[in-house]
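Dear colleague,

Please find below the structure that I am handing over to you. My notes on what was found in it follow.

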Amino acid sequence: MAATAKTAALFGEHRKLKKGEKLTFAMIGMGIQGRDVLRDFIKNDKLNIVAVCDVDKERVAEVSLRVGSAGYFFWRDSFIKTITDLYG
């Protein structure tokens, strides 16, 4: 199952993405496993990564720069605001 299908299924969306449509998401946790998963997600052109979050400020800076997304150290403030701004 493709990463987009797995992620969409987690949120109850059981449909295929339309042509040109992207699945928008954010990730918390940029440790070894999180970066491995993110590495696979980056390769998928149907994914739009809008934010990454981790307790390690250097890791957040490195990953957000590489991905081209917002990077957050403390998820309860800015990270949640980014998601709220996107989805209301």
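**Salt bridges**

Glu62 and Arg66 are joined by a salt bridge, with their closest N and O atoms 3.7 Å apart. The two residues lie 4 residues apart in helix α3, so about one helical turn separates them. Glu62 is partly exposed, at 42% relative accessibility, and Arg66 is likewise partly exposed, with a relative accessible area of 41%. Please bear in mind throughout that this is a predicted model.

The search of the whole structure returned 4 salt bridges. One of them links Asp36 with Arg39, where the closest N and O atoms are 2.8 Å apart. These partners belong to helix α2 (residues 32-42) and are 3 residues apart, so Asp36 and Arg39 are also separated by about one helical turn. Asp36 has a relative accessible area of 38% and is partly exposed; Arg39, at 42% relative accessibility, is partly exposed as well.

A further salt bridge brings together the side chains of Asp56 and Arg59, at 3.8 Å from N to O. Asp56 is partly exposed with a relative accessible area of 29%, and Arg59 is partly exposed with 23%. With the cut-off for buried set at under 20% relative accessible area, the value of 23% places Arg59 in the partly exposed class. Asp56 and Arg59 do not stand alone, since Asp54 is linked with them in a network of salt bridges. In general, side chains of opposite charge can pair when their charged atoms come close.

**The sheet and its helix**

How are the strands of the sheet ordered, and in which sense do they pair? The sheet is open and has 3 strands in the order β1-β2-β3, with parallel pairing. β1 (23-28) and β3 (70-72) stand at the edges; each has a single partner strand, so one side of each is left without a neighbour in the sheet. From one strand to the next, the twist averages 25°.

The pairing of β1 with strand β2 (residues 47-53) is parallel and runs over 6 bridges. Within this part of the sheet, Ile28 is found opposite Cys53 in β2. Helix α3 (residues 57-67) packs on the sheet and touches both β2 and β3, its direction making about 165° with that of β2. Helix α3 is also the element that holds the Glu62 and Arg66 pair.

**Leu47**

Is Leu47 in strand β2 buried or exposed? Leu47 counts as buried, because its relative accessibility is 9% and the cut-off for buried is under 20%. Leu47 is located in strand β2. Its C-alpha atom is separated by 7.5 Å from that of Phe25, although Leu47 and Phe25 are 22 residues apart along the chain.

**Confidence of the prediction**

The mean pLDDT of the protein is 78, and 75% of the residues score at least 70. Among the elements, α3 has the highest mean pLDDT, at 92, and helix α1 (residues 3-10) has the lowest, at 50. The helix that packs on the sheet is therefore the element with the highest mean pLDDT.

With kind regards

Note on methods. Residues numbered from 1 in each chain as written. Predicted model: local features only at pLDDT ≥ 70, side-chain atom pairs only at ≥ 80, totals over all residues. Heavy atoms only, no water. Pairing = 2+ DSSP bridges. Axes fitted to C-alpha atoms, helices over the stretch in contact; angles between N-to-C directions. Contact = heavy atoms within 4.5 Å. Buried < 20%, exposed > 50% of the residue type's maximum accessible area, 1.4 Å probe, protein only. pLDDT = per-residue confidence, 0-100.
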